[in-house]
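Hi everyone, thanks for coming. I'd like to walk you through one structure today, so have a look at the sequence and the model before I start talking.

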Amino acid sequence: MSPILSQFAIQSPVGDPRPLKVGLINDSYVVPALQEGAPSYFLQKINHHVFTDVEALQRNIAVVTDHIREKLRAQGAADVDRRVLRLVPTRTGKLYCQDEAGDYWRMYLWIDGRSLETISAESARWTGEAFGQFQQMLSDLPAESLTESIPNFHNVGFRVQQLQEAVTADAAGRVAEQKSLIDTLLSRAEEMCLVQRLYQEGKLPKRINHCDTKVNNVLFDTDGSVLCIVDLDTVMPGFVVSDFGDFMRTAASTAPEDEPDLDNIHVRMDIFEAYASGYLKTATFLTPLEKKLLPFGCLMMSYMQAVRFLTDYLNGDTYYKIQYPQHNLVRTKAQVRLLEEQCKVLEQMEKIINRY
Ligand code: GN1
Ligand code: MG
């Protein structure tokens, strides 16, 4: 990989990149410092089949990280380079480079934090505050300064349409055996498009969202506090309820998103309550309707993720990385079960939101 590394403006000697198992889209590596006290780096091969406009993608990330860095500085925050990602440019000042095969690479300073798959109520509260602050800090960034890195990314209606197209095409010959799962999901489509409808009626705003608030996109410090929010590929205008819901989908669940044993999947109400309390403390810009829809956002995100995983399964696993042949199907079923579990506690979730 040295032809790639040598393109970036690295100041001190580094060792060989080591692959990291994070994310289902890009390939990630840590590039360790060889000298004590020198920075290590986080190198990523960008999946340009998913992010087709890499130039715009990288510009978005630069805009967002610069904006947050400014805000942190203005607040007098300590340790700013551990609190927000910093892109490392190439030696010619570009925000990414290409290798001989035409693949795209980018680099960040490495932040020494821990990412978690499951969290405690206390760290969930801190994370809620952190995501509220994140949206708050970006709330004065004009929407036009960002390009939608993936158009219609969190548009449920669009995702349902992609599922319908996958059913029609039946590219992998898997439709017949999954008919009842497909029907289950399609039968709930209208109900799950509520947020999009409210937006079209002018009742819900779009705000700059993270759009991938999975629990493992938050880095924690050794004392358990939140250091930094990472994976900024999809920061774009969207509905705040979807960021809220995506966090709960991955954190307020007793099992991972690909849990094969469905009976292990339940909603963690302690995490829901803790995250909601933190988020509502800092996200002071929310309208009453946005607040009211937060619990629905959880259902919506589990639904949309189920639709996306099933679509990929029917298409023959062309989008998400998989570790075994049925992986996307297992993921789909886990998301459907989580949705059912969330429906059971919807009223309870609404009561909690009303309380804060
Ligand atoms: C993908 O690659 P990763 O883990 O950051 C996906 C998200 C999904 C997630 C499901 C660009 O995110 O939307 O929620 O997998 N990102 C993209 O685990 O599609
Ligand atoms: Mg991501």
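**Rings, helices and a few odd spots**

Let's start with the rings. Phe131, Phe134, Phe244, Phe247, Phe272, Tyr275 and Tyr279 form one aromatic cluster. Before I go on, please keep in mind that this is a predicted model.

How many aromatic pairs does the structure hold? The count is 14. Let me show you two of them.

Take phenylalanine 42 and tyrosine 108. Their rings are stacked, with 6.3 Å from centre to centre and 25 degrees between the planes. This pair links distant parts of the chain: phenylalanine 42 belongs to strand S3 (residues 41-46), tyrosine 108 to strand S5 (residues 104-109), and the two positions lie 66 residues apart in sequence numbering. Are these two residues buried or exposed? Phenylalanine 42 is buried, and tyrosine 108 is buried too.

Now compare that with phenylalanine 131 and phenylalanine 134, which belong to the cluster I opened with. Why is this pair called edge-to-face? The ring centres are 6.4 Å apart and the planes stand at 80 degrees, so the pair is edge-to-face; the cut-off for that label is over 60 degrees. Both residues sit in helix H4, 3 residues apart, which is about one turn of the helix. Phenylalanine 131 has a relative accessible area of 2%, so it is buried. Phenylalanine 134 comes out at 3%, so it counts as buried as well.

That brings us to helix H4 itself. Here's a bit of background: two packed helices are described by the angle between their axes and the distance between the axes. Helix H4 (residues 121-138) packs against helix H10 (residues 269-282) at an angle of about 35 degrees, and their axes are 7 Å apart. Which hand does the crossing of H4 and H10 have? The crossing is right-handed. On the H4 side, the residues making the contact include Ala124, Gly128, Phe131 and Gln135. On the H10 side, Ala274, Tyr275, Gly278 and Tyr279 are among them. If you sort the contact residues by type, you get 7 nonpolar, 9 polar and 4 charged. Notice some familiar names here: Phe131, Tyr275 and Tyr279 take part in this contact, and they are in the aromatic cluster too.

Rings can also have a charge sitting over them. Look at arginine 174: its charged end sits over the ring of tyrosine 313, 4.0 Å from the ring centre. Then there's lysine 206, which lies over the face of tyrosine 199, at 4.9 Å from the ring centre.

Next, some backbone angles. Most residues other than glycine have a negative phi. Aspartate 170 has a positive one, near 45 degrees. Where is aspartate 170? You'll find it in the loop between helix H5 (156-169) and helix H6 (179-187). Its relative accessible area is 29%, so aspartate 170 is partly exposed. Aspartate 231 also has a positive phi, near 60 degrees. Aspartate 231 lies in the loop between strand S9 (226-229) and strand S10 (236-238), and with a relative accessible area of 24% it is partly exposed.

Let me finish with a few single residues, looking at sequence and space together. Valine 160 is in helix H5, and it is buried, with a relative accessible area of 6%. What does valine 160 touch, leaving out residues up to four places away in sequence? The answer is Leu186, Ala189, Tyr303 and Val307. Its C-alpha is 9.6 Å from that of glutamate 190, which is 30 residues away along the chain.

Arginine 18 is in strand S1 (residues 18-20) and is partly exposed, at 48% relative accessible area. Setting aside residues up to four places away in sequence, arginine 18 touches Ser28, Tyr29, Val30 and Pro32. From arginine 18 to proline 32 the step is 14 residues in sequence and 8.2 Å in space, C-alpha to C-alpha.

Last one: glutamate 201, in the loop between helix H8 (194-200) and strand S7 (207-209). Glutamate 201 counts as partly exposed, at 47% relative accessibility. Glutamate 201 and isoleucine 46 are 155 residues apart in sequence, and in space their C-alpha atoms are 36 Å apart.

That's my tour, thanks for listening!

Terms used. Residues numbered from 1 in each chain as written. Chains lettered and ligands numbered in written order. Predicted model: local features only at pLDDT ≥ 70, side-chain atom pairs only at ≥ 80, totals over all residues. Heavy atoms only, no water. Axes fitted to C-alpha atoms, helices over the stretch in contact; angles between N-to-C directions. Helix = DSSP H or I, 4+ residues; strand = E, 2+ residues; numbered from the N terminus. Left-handed = near helix turned anticlockwise from the far one by under 90°. Contact = heavy atoms within 4.5 Å. Nonpolar A, V, L, I, M, F, W, Y, C, P; charged D, E, K, R; others polar. Phe/Tyr/Trp six-rings, centres within 6.5 Å; stacked < 30°, edge-to-face > 60°. Buried < 20%, exposed > 50% of the residue type's maximum accessible area, 1.4 Å probe, protein only. Lys NZ or Arg CZ within 6 Å of the ring centre and 35° of its normal.
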